[in-house]
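Student: I have a model open in front of me and would like to understand the words used to describe it. Could you take me through the reasoning behind them?
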Amino acid sequence: AGAPFAGAMAATSPMAIARGLQKLNIIAERMQLSIQIQERGRRMFELAAQMNFTAGRPTRFVASACLYMICREKRSPHLLIDFSDVLRVPVRTIGRTYLRLLRRLIGGDPRDPASPSVP
């Protein structure tokens with residue numbers, strides 16, 4: 001088996017995805033997120049894993065960024081600092097992962113008004 005062609009995305013292993021989803025579930029339960037947000041967060045995490053976004057990043061940060069993205073989309077009252085409190089890490093750490101995930105998904109800088117944005 002040779003190296004994948006240029007531009008190919010390496011798939012994250014099913015076991016790594018399963019472990020990530022377990023961590024996502026724990027975070028969601030601690031934050032008492034709705035079932036709808038949890039389901040959409042799981043799908044977002046699976047997409048991030050397929051895009052190889054989870055490689056080299058702590059799974060709990062990626063899981064939190066996925067859940068936070070859905071919370072923002074659904075206009076949930078949960079803030080980035082709430083995720084920071086649950087994980088006991090600085091807000092900036094999760095915020096950085098969130099912004100990088102957004103950039104990967106929309107292909108630009110989410111702070112730039114000319115870039116497409118996620119609600």
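Tutor: Gladly, and let's begin with contacts along the protein chain. In this predicted model, among contacts with a separation of 6 or more, 63% join residues 24 or more positions apart.

Student: Which elements does the protein chain have, and in what pattern along the sequence?

Tutor: The protein chain has five helices and zero strands, and the pattern reads α-α-α-α-α. Buried residues make up 40% of its 119 residues.

Student: What makes Gln38 count as buried or exposed?

Tutor: Gln38 has a relative accessible area of 11%. The cut-off for buried is under 20%, so Gln38 is buried. Gln38 sits in helix α2, residues 35–50.

Student: What does the side chain of Gln38 reach?

Tutor: The side chain of Gln38 reaches the backbone oxygen of Leu33 at 2.8 Å. A polar contact needs N or O atoms within 3.5 Å, and 2.8 Å meets that distance limit. Leaving aside residues up to four places away in sequence, Gln38 touches Leu24, Ala28, Leu33 and Leu67.

Student: Now the aromatic rings. How many aromatic pairs are there?

Tutor: The count comes to two aromatic pairs. One is Tyr68 with Phe83, with 5.9 Å centre to centre and 80° between the planes. Centres must lie within 6.5 Å to pair, and planes over 60 degrees apart count as edge-to-face; Tyr68 and Phe83 satisfy both conditions, making their pair edge-to-face. This pair links distant parts of the chain: Tyr68 is in helix α3 (residues 59–73) and Phe83 in helix α4 (residues 80–87), 15 residues apart. Both Tyr68 and Phe83 are buried.

Student: Why is the pair of Tyr68 and Tyr98 called edge-to-face?

Tutor: The ring centres of Tyr68 and Tyr98 are 4.9 Å apart, with the planes at 75°. Set against the limits of 6.5 Å and 60 degrees, these values pass, so this pair is edge-to-face. Here too distant parts of the chain are linked, with Tyr68 in helix α3 and Tyr98 in helix α5 (residues 91–106), 30 residues apart.

Student: How do you know that Tyr98 is buried?

Tutor: Its relative accessibility is 10%, and since buried means under 20%, Tyr98 counts as buried. The value for Tyr68 is 10%, so Tyr68 counts as buried. Tyr68, Phe83 and Tyr98 form one aromatic cluster.

Student: Staying with helix α5, what span does it reach against the expected one?

Tutor: Helix α5 has 16 residues and runs 22 Å from its first C-alpha to its last, close to the 22 Å expected at 1.5 Å a residue. Its buried residues include Thr93, Ile94, Gly95, Tyr98 and Leu101, and what covers the buried residues of α5 includes α2, α3 and α4. Just after α5, Gly107 takes a positive phi of about 75°.

Student: Which residues other than glycine have a positive phi?

Tutor: Asn52 is one of them, with phi near 65°, and Arg88 is another, with phi near 55°. Asn52 is in the loop between α2 and α3, while Arg88 is in the loop between α4 and α5.

Student: Why is Asn52 called partly exposed, and why is Arg88 called exposed?

Tutor: Asn52 has a relative accessible area of 28%. That is neither under 20% nor over 50%, so Asn52 is partly exposed. Arg88 is at 77%, and exposed means over 50%, so Arg88 counts as exposed.

Student: What about Gln50, is it buried or exposed?

Tutor: Gln50, found in helix α2, has a relative accessible area of 54%. With the cut-off for exposed at over 50%, Gln50 is therefore exposed. Gln50 and Ile17 are 33 residues apart in sequence and 9.3 Å apart in space, C-alpha to C-alpha.

Student: One last topic, the cysteines. How many disulfides does the structure hold, and are Cys66 and Cys71 buried or exposed?

Tutor: The structure holds zero disulfides. Cys66 has a relative accessible area of 0%, so Cys66 is buried. For Cys71 the value is 0%, so Cys71 is buried.

Note on methods: Residues numbered from 1 in each chain as written. Predicted model: local features only at pLDDT ≥ 70, side-chain atom pairs only at ≥ 80, totals over all residues. Heavy atoms only, no water. Helix = DSSP H or I, 4+ residues; strand = E, 2+ residues; numbered from the N terminus. Buried < 20%, exposed > 50% of the residue type's maximum accessible area, 1.4 Å probe, protein only. Polar contact = N/O pair within 3.5 Å; in protein donor to acceptor, adjacent residues only side chain to side chain. Contact = heavy atoms within 4.5 Å. Phe/Tyr/Trp six-rings, centres within 6.5 Å; stacked < 30°, edge-to-face > 60°. Disulfide = S-S within 2.5 Å. Expected span 1.5 Å × (residues − 1).
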